[in-house]
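Dear colleague,

Please find below the structure that I promised to hand over, together with its sequence. My notes on what was found in it follow directly after.

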Amino acid sequence: MTDTPLISLQELQLAARNHGMPLEALRWDVTPIGLHYLLTHFDIPEVDAAAWRLEIGGLVERPLSLSLDDLRARPVVEVAVTMECAGNGRVHVEPHVVSQPWVLEAVGTARWRGTPVGPILEEAGVRDGSVEVLFTGLDRGVDGGEEQAYERSLPVDALLESDALLAYEVNGVTLPPQHGYPLRLVVPGWYGMTSVKWLARISVLDTPFAGYQQSHSYRIRREEDEPGEPVTTIVPRSLMVPPGIPDFLTRARIVAAGTCEIVGRAWSGDSEVAVVDVSTDGGRTWAPAELGESTLGRWAWRPWRYTWDAEPGQHELCCRARDAAGLEQPLEPPWNLGGYLNNAVQRVAVTVTT
């Protein structure tokens, strides 16, 4: 036994600030906002909405400065989006990656209401030679030894082809402070780091953005000195509501013998989920689950269910999703320096009692 804790004090501090969605909340089509996962890189800023402005500039013909009322007066869209952190599942990768210690709960589905990004950029007039659009938040801090605002960019074409919106409401209420009040970006299908909160500025660039959160964080690298590939759209994942009742400390499940309905959700950013399979023997054999309809739209998770004849003994339940492009969850976690994109199948230990 080692004296080194699996989770450091620094990681515990991160875990106390951020929180995941309890997996039993998968029962809801739309996640109650207080249960939706949260990741806050720095501090939640204090914002005076009356004085706040969204500045649009850079390589544009007509720079804009928009108030919240200006944005609310524009065409309105509401989109149900399943948002997931790129580090979801990080604690399951080995060797251990020191960062926010997500288990599997860094996900949630919400109805975001606001105005599309595209028409605002059209009004500003994106000039020839534009390469990326940079979104800058009001939250500031130090990461990698650099003082910075949290900011991320998207290629111009990818942004204009997306359903990205500037959201000022979630689940029918004004954005809470922790979700980006008064305005945030939401980019459906992309990992959550893309959807910049507390948005203050949109800048059109003629060269790729090289800030820390773009060039160092959120890249798939196996060695420190390699550039790696950027994290972009969400890879397929399926999660189940752990059945039965939990042991308080281990969270291992206790289920009564007999018919057991296993339910869950599945999603993918690249294309629609096509298949969900379930295993009751640790992944040795698989059977198809019943996949529900996409009632919330393209960018939200789909429900699924599976009927299990639970026999007494020890079991390991697993679920895996495959999307229409043929991408399927692996059985074992992939490893990289950031612990990103671990979409290995969920495994739930179950004791079935008589």
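Pro 182 sits in the loop that runs between strand 8 (173-174) and strand 9 (184-186), where strands are DSSP runs of E with at least two residues and helices are DSSP runs of H or I with at least four residues, both numbered from the N terminus. The peptide bond that leads from Tyr 181 into Pro 182 is cis, with omega near 10°. Another cis peptide bond goes from Glu 94 to Pro 95, with omega near 0°, and Pro 95 belongs to the loop between strand 3 and strand 4.

Before going further, please keep in mind that this is a predicted model, in which local features need pLDDT of at least 70 and side-chain atom pairs count only at pLDDT 80 or more, whereas totals for chains, interfaces and linings use all residues. Residues are numbered from 1 along each chain as its sequence is written, and side-chain values use heavy atoms, with hydrogens and water left out.

As for the chain as a whole, its secondary structure comes to five helices and 22 strands. The radius of gyration of the protein chain, taken over C-alpha atoms, is 21 Å, close to the 20 Å that the globule rule (2.2 Å times the number of residues to the power 0.38) gives for 354 residues, so the chain is as compact as a globular protein of that length. Along the principal axes, the C-alpha atoms fill a box of roughly 70 × 45 × 35 Å. Buried residues, meaning those under 20% relative accessible area with a 1.4 Å probe and protein chains only (exposed is over 50%, partly exposed in between), make up 52% of the 354 residues. If a contact is taken as heavy atoms within 4.5 Å, then among contacts between residues at least 6 apart in sequence, 72% join residues at least 24 apart. The chain exposes about 16,200 Å², of which carbon and sulfur atoms supply 52%, the areas coming from the Shrake-Rupley method with a 1.4 Å probe.

Two open sheets deserve a description, and for both of them strands are said to pair if DSSP finds at least two bridges between them. One is an open sheet of six strands with mixed pairing, in the order 14-15-22-21-17-18. Strand 14 (245-246) and strand 18 (287-288) stand at its edges with a single partner strand each, so one side of each is left without a neighbour in the sheet. Strand 17 (residues 273-279) runs antiparallel to strand 18 and is joined to it by two bridges, and Asp 277 has Pro 288 in strand 18 as its bridge partner.

The other open sheet has four strands in the order 13-16-20-19, with antiparallel pairing, and its edge strands, each pairing on one side only, are strand 13 (237-240) and strand 19 (290-291). Four bridges join strand 13 to the antiparallel strand 16 (residues 258-267), with Met 240 standing opposite Gly 264. In a regular strand the side chains alternate between the two faces of the sheet. In strand 13, Arg 237 and Leu 239 point one way and Ser 238 and Met 240 the other way, and all are buried. At the other edge, strand 19 is joined by two bridges to strand 20 (residues 302-310), which runs antiparallel to it, and Leu 291 stands opposite Trp 304 in strand 20.

Strand 3 (residues 77-84) is mostly covered, with six of its eight residues buried, and eight bridges join it to the antiparallel strand 4 (residues 107-116). Within this pairing, the bridge partner of Ala 80 is Arg 111 in strand 4. Trp 112 also lies in strand 4 and counts as buried at 0% relative accessibility; its C-alpha atom is separated by 9.8 Å from that of Leu 185, although the two residues are 73 apart along the chain.

Finally, there are backbone angles to look at. Trp 198, in the loop between strand 9 and strand 10 (199-205), has phi near 50°, a positive value in a residue other than glycine, and is buried with a relative accessible area of 1%. Tyr 218 has a positive phi as well, near 55°; this residue is found in the loop between helix 5 (212-215) and strand 11 (219-220) and is buried, with a relative accessible area of 6%.

With best regards
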